[in-house]
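Thanks for coming. I will walk through one model today, a piece at a time, and keep the general remarks short.

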Amino acid sequence: MPEKLVVDTHIQITSAESDRVRAAVPYRTHRYGEGPRETMDEFGVDSLPDDAPIFVYIHGGYWQHLSKDVSCYPVGPLYDAGIRVLVVGYDLAPHANMAQIVEEIKRAGSHVMALAEKLSSRGVWFSGFSAGGHLTGVLLTSGWMDSLPEPQSRLIKGFLPISGIFDLRPIVHTYINKPLQMNEEEAERHSPMSMNIHNNHDVKVVIIYGQNDSPAFHSQSRQFLEKNILLQKVCEKKMDAKCYEVPEVDHFNLVENLIQPDNVLTKKLISIIKRKIV
């Protein structure tokens with residue numbers, strides 16, 4: 001498809017499924033900050049046991065498009081498997097810069113962990129697609145986990161970024177950066193590739209990308225994995241990390257297919273979250 005048609009089709013598919021999910025799955029909206037988009041939707045609420053595992057999904061859109069409202073498409077199969085899903089919104093460029101977006105996601109993460117502790121959840125998994133994969137990486141590498149009370153940090157079981165952008169520097173001189181207006185220093189400062197994992201607990205990291213994703217997504221995912229595996233060995237920290245390439249999909253149908261309960265990635269996510277063999 002032509003580029004515009006690919007994006008329009010992606011929005012149509014994800015919007016239609018998000019509308020269906022909102023009509024079928026009980027949810028409530030939480031506000032975690034003062035920004036207009038600093039809200040998240042919790043799917044499952046009182047229809048799942050309080051201790052159900054939690055999957056947190058951060059939407060993509062190059063930090064300037066989309067919203068939580070059109071990003072509920074992974075909810076159905078996860079909810080049916082007994083997993084509580086929180087879909088996170090955040091303010092977008094040009095109304096927010098990268099530093100503000102990063103701080104919002106940290107606030108969102110802290111709100112999730114307070115909720116998880118209150119519910120006595122069996123564990124929390126953070127994920128996100130594309131720009132949301134970048135923000136998932138930020139939660140893993142920025143030291144945010146160190147800010148949490150010990151009972152909450154122990155509830156974090158893993159990070160599952162999907163087609164994440166782990167090094168922002170290559171986009172500084174592209175059209176993507178026009179509303180963000182990052183310079184080289186800012187891009188490096190907010191890149192998970194430039195940060196070191198702060199973690200004293202046993203977490204699983206699965207870095208996911210599609211077979212037909214662009215070469216940049218492949219290389220950034222592998223480099224991010226290699227850097228942090230090396231760091232873990234040097235620092236003797238606990239982290240089970242691996243890459244997972246999903247066959248025969250591109251950047252968009254990689255996540256569009258999460259609508260389907262028998263999709264290979266859907267089943268993989270459920271298996272990981274429910275502590276089955278990966």
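Gly143, just after helix 4, has a positive phi of about 90°. Helices and strands here are DSSP runs numbered from the N terminus, with H or I over at least four residues for a helix and E over at least two for a strand. What you see is a predicted model, in which local features need pLDDT of at least 70 and side-chain atom pairs count only at pLDDT 80 or more, while totals for chains, interfaces and linings use all residues. Residues are numbered from 1 along each chain as its sequence is written, and side-chain values use heavy atoms, with hydrogens and water left out.

Helix 4 itself covers residues 131-141, and 11 of its 11 residues are buried. Buried means under 20% relative accessible area, exposed means over 50%, and partly exposed is in between, with a 1.4 Å probe and protein chains only. Among the buried residues of helix 4 are Gly132, His134, Leu135 and Leu140.

Now the whole chain. How many helices and strands does the protein chain have? There are 9 helices and 8 strands. The radius of gyration is 17 Å, close to the 19 Å of the globule rule for 278 residues, so the chain is as compact as a globular protein of that length. That radius is taken over C-alpha atoms, and the rule is 2.2 Å times the number of residues to the power 0.38. Along the principal axes, the C-alpha atoms fill a box of roughly 45 × 45 × 40 Å.

Of the 278 residues in the protein chain, 59% are buried. The chain exposes about 11,900 Å², and carbon and sulfur atoms supply 52% of that area. These areas come from the Shrake-Rupley method with a 1.4 Å probe, and for residues only the protein chains shown count as cover. As for contacts, meaning heavy atoms within 4.5 Å, take those with a separation of 6 or more: 76% of them are between residues 24 or more positions apart.

Next, strand 5, residues 124-129. Is strand 5 mostly covered or mostly uncovered? Mostly covered, since 6 of its 6 residues are buried, is what the model gives. Val124, Phe126 and Gly128 point one way from the strand, Trp125, Ser127 and Phe129 point the other way, and all are buried. Strand 5 has two partners to look at, where pairing requires that DSSP finds at least two bridges between two strands. Strand 3, residues 54-58, pairs with strand 5 in the parallel sense over 5 bridges, and Val56 stands opposite Phe126 there. Strand 6, residues 156-162, also pairs with strand 5 in the parallel sense, over 6 bridges. In that pairing, Ser127 stands opposite Leu160.

Strand 2 can be read in a similar way. Why is strand 2, residues 39-43, described as largely enclosed by the rest of the structure? Because 5 of the 5 residues of strand 2 are buried. Thr39, Asp41 and Phe43 point one way, and Met40 and Glu42 point the other way. Strand 1, residues 27-31, runs antiparallel to strand 2 and is joined to it by 5 bridges, with Arg28 opposite Glu42. Strand 4, residues 84-88, pairs with strand 2 in the antiparallel sense over 4 bridges, and Asp41 stands opposite Val87 in strand 4.

One residue to pick out is Leu254, in helix 8, residues 253-256. Leu254 counts as buried because its relative accessibility is 1%. Leaving out residues up to four places away in sequence, Leu254 touches several residues, including Ile162, Tyr209, Asp213, Val246 and Leu265. Asp213 is 41 residues from Leu254 along the chain, and their C-alpha atoms are separated by 8.7 Å.

Last, some backbone points. Most residues other than glycine have a negative phi, and most peptide bonds are trans. Which peptide bond is cis, with omega near 5°? The bond from Ala93 to Pro94 is, and Pro94 is in the loop between strand 4 and helix 3, residues 98-119.

Tyr62 is not a glycine, yet its phi is positive, about 50°. Tyr62 is in the loop between strand 3 and helix 2, residues 75-80, and with a relative accessible area of 26% it is partly exposed. Ser120, another residue other than glycine, has a positive phi near 55°. Ser120 lies in the loop between helix 3 and strand 5, and its relative accessibility is 52%, so Ser120 counts as exposed.

That is where I will stop.
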